[in-house]
Amino acid sequence: MEQKKTKQCWFRKALGMNPDTSVKTEIIAGITTFFAMCYIIITNPNQITGFYKFLGGEMASLWSAIYIGTILAAVIGTLLYAFLAKKPFAQASGMGLNSFFFTSFIIPALIYSEEAGDFVGFKDTLATNYGAGLVIILISGLIFLLLSVTGLRSYIAKSLPDCLKKAIPAGIGLFIALLGFKGAFIVTANKYTFVQLGDLTQWTIYNSFGELAGGAAPFLAAFLGLIAIVIFNKINVKWLKNMSIVLGILVSTILFYLFTWTAPKFEFNQVGESFKAFGEYGFSVFKPESWAAAFDGVTIGSIFSVIVLIITFCLVDMFDTIGTLYGASAQAGMLDENGDPTDIEKSMMCDSVATCAGAMLGTSTVTTFVESASGVAEGGRTGLTALVTAALFLVCIVLSPLASIIPGVATAPALIYVGVLMLKNFKAIDMEDLSSALPAFLTLILMPLTYSISNGIAVGAIAYVLIQLFTGKYSKKDIVVTIIAILFILRFAFVNTL
């Protein structure tokens, strides 16, 4: 009995748990985080291949390899948080960066038809371009690791102005909410007004690929799920309150299948094909031809282009991670007396190692996910939350249909709800002092409007430096944020990340 107790204590200590930590709450939080971000399993290979899996052949095989690599990278990155940082955060291939990977490395290997107005095939350099891109990701990851080991990344994070530190969590809240609104087709694109309310005149709308693309059915499923979360949260029953987000997701899932009159699809025959493709493409970063292509001056471009790409991936990942850490840590009450995340050095280390591992497994930059905040909102506070999330990702390797059971529409209410919770951080900003209010507002609003956490931080930092400089308030403590602003200006000037 004593031996069993000792083992349990070791396990709890390894995950950062204390006697007051509820295992049940941590497990529920881990499940919540998984459901909120499991869309990345399908979305990431779609983004890296530009949704051109239908071209078949090597492109389809590449998609399958990235599918497996995405899961493995998420498992490794999230386990690092579980046992190294002992925090309830999860990692996976970053959205935005995967699209940038596609535009930088995959598009040059595609064949465009003026007549069709679209890409209609791929060149025999597709695999080489893919491998060269992974080399760039690995190098950027090694730079992340060097900065993390030396403590420079955490120093940079802590050197951010107080107004930006407070605005970042609120901005991420808006960004998370936008992800939810977009995923539920509550907000859709409009070529005249940029965005609009989703089309409710049709019950369901499908795109040319046969995928659900809007309509009243997904809109209502997500909206009613959001209302359900708040109702469960306000009911004076502890277990309902603790599971409000998970229950909201389940409500949306049930309503989604009822409203669309569909059922989850199970395709177990693809598992073996995915592993075969992963064996062929997943370790492309270790192939000599990938390194040769990265620096041949043709595949990617001149050495200047290569350097700019490496710096760009570094900057975006660094500040996406910093922003997410501040947001999720604020939500979890894991900020120190200076308003900085506790043990931020370990979190940075988790991120940098995961990026290197992701490149070795065939996927784009791995970063801490903003959706981790959904698990935090459910009560996750230790590495056990991350461990549960990692375990569920791992299950998806052999049970790939599991992730597709919960549609993106059903996770949208969780993201919107968490976004509401995170907005409270903005109230701590002094809106009477415009030298703080304007940079904070720009950080807040540009994260969702530019669909990028790092862009919000970038413009906020630039505005802060200019205001401090021309109002005579510039001081020695602003040197770091000035360097950050200059680097982002160079990135904006020389690299188009669309």
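Which handedness does the crossing of helix 14 and helix 22 have? The first legend takes this up, and all the views come from a predicted model.

**View 1. Helix 14 crosses helix 22.**
Helix 14 spans residues 303-332 and helix 22 spans residues 479-494. To settle the opening question, helix 14 passes helix 22 in a left-handed crossing. The two helices pack at an angle of about 125 degrees, and their axes lie 10 Å apart. Helix 14 and helix 22 are therefore oblique to each other. On the helix 14 side, the contact is made by Phe304, Val308, Thr312, Leu315, Val316 and Phe319. Helix 22 contributes Ile484, Leu487, Phe488, Arg491 and Phe494.

**View 2. Helix 8 packs against helix 21.**
Here we meet helix 8 (residues 162-183) and helix 21 (residues 453-470), with axes 10 Å apart. Their packing angle is about 150 degrees, and the two are therefore roughly antiparallel to each other. The crossing of helix 8 and helix 21 is right-handed. Look for Cys163, Leu164, Ile168, Ile172 and Phe175 on helix 8, which make the contact with Ile453, Ile457, Gly460, Ala461 and Tyr464 on helix 21.

**View 3. Helix 6 and helix 15 cross at roughly 160 degrees.**
The axes of helix 6 (residues 126-149) and helix 15 (residues 344-360) come within 8 Å. Helix 6 and helix 15 are therefore roughly antiparallel to each other, and their crossing is left-handed. Helix 6 brings Leu134, Ile137, Leu138, Gly141, Leu142, Phe144, Leu145, Ser148 and Val149 to the contact. From helix 15 come Met348, Met349, Ser352, Val353, Thr355, Cys356, Ala359 and Met360.

**View 4. The largest nonpolar core holds 104 residues.**
Among its members, Ile41, Ile172, Ile176, Phe319, Ile322 and Phe393 touch the most other members. Helix 4 (residues 57-85) supplies the largest share of this core, with eleven residues. A second, separate core has 39 residues, including Phe101, Val135, Ile136 and Val316. Back in the largest core, Ile176 makes a good residue to zoom in on. Leaving aside neighbours within four places in sequence, Ile176 is in contact with Val370, Ala373, Leu415, Val418, Gly419 and Met422.

**View 5. Helix 3 is largely enclosed by the rest of the structure.**
Eight of the nine residues of helix 3 (residues 40-48) are buried, so the helix is largely enclosed. The buried residues are Ile40, Ile41, Thr43, Asn44, Pro45, Asn46, Gln47 and Ile48. Just after helix 3, Gly50 takes a positive phi of about 65 degrees.

**View 6. Thr32 and Ser372 are two buried residues in helices.**
Thr32 is found in helix 2 (residues 23-37) and counts as buried, at 0% relative accessibility. Beyond its neighbours within four places in sequence, Thr32 is in contact with Ile245, Val246, Ser374, Gly375 and Glu378. Ser372 belongs to helix 16 (residues 372-377). Ser372 has 0% relative accessibility and counts as buried too. A polar atom of the Ser372 side chain lies 2.8 Å from the backbone oxygen of Phe369. Not counting residues up to four places away in sequence, Ser372 touches Thr33, Pro88, Phe89 and Ala90.

**View 7. Lys86 has a positive phi without being a glycine.**
The phi of Lys86 is about 60 degrees. Lys86 sits in the loop between helix 4 and strand 1 (91-93). At 29% relative accessibility, Lys86 counts as partly exposed.

**View 8. Thr188 of strand 4 touches Phe194.**
Thr188 lies in strand 4 (residues 187-190), and Phe194 lies in strand 5 (residues 194-197). Setting aside residues up to four places away in sequence, Thr188 touches Phe194, Val195, Gln196, Leu197 and Gly198. Phe194 is another residue other than glycine with a positive phi, near 75 degrees. With a relative accessibility of 72%, Phe194 counts as exposed. If you follow the chain from Thr188 to Lys287, the two are 99 residues apart, and their C-alpha atoms are separated by 42 Å.

Terms used
Residues are numbered from 1 along each chain as its sequence is written. This is a predicted model: local features need pLDDT of at least 70, side-chain atom pairs count only at pLDDT 80 or more; totals for chains, interfaces and linings use all residues. Side-chain values use heavy atoms; hydrogens and water are left out. Helices (H or I, at least four residues) and strands (E, at least two) are DSSP runs, numbered from the N terminus. Buried means under 20% relative accessible area, exposed over 50%, partly exposed in between (1.4 Å probe, protein chains only). A polar contact is a pair of N or O atoms within 3.5 Å; within protein, one must be able to donate a hydrogen and the other to accept it, and residues adjacent in sequence count only if both atoms are side-chain atoms. Contact means heavy atoms within 4.5 Å. A nonpolar core is a set of buried Ala, Val, Leu, Ile, Met, Phe, Trp, Tyr and Cys residues joined through side-chain atoms within 4.5 Å. Axes are lines fitted to C-alpha atoms, for helices over the stretch in contact, and angles run from 0 to 180 degrees between N-to-C directions. Angles under 35 degrees count as roughly parallel, over 145 as roughly antiparallel, 65 to 115 as roughly perpendicular and the rest as oblique. A crossing is left-handed if the near helix is turned anticlockwise from the far one by less than a right angle, and right-handed if clockwise.
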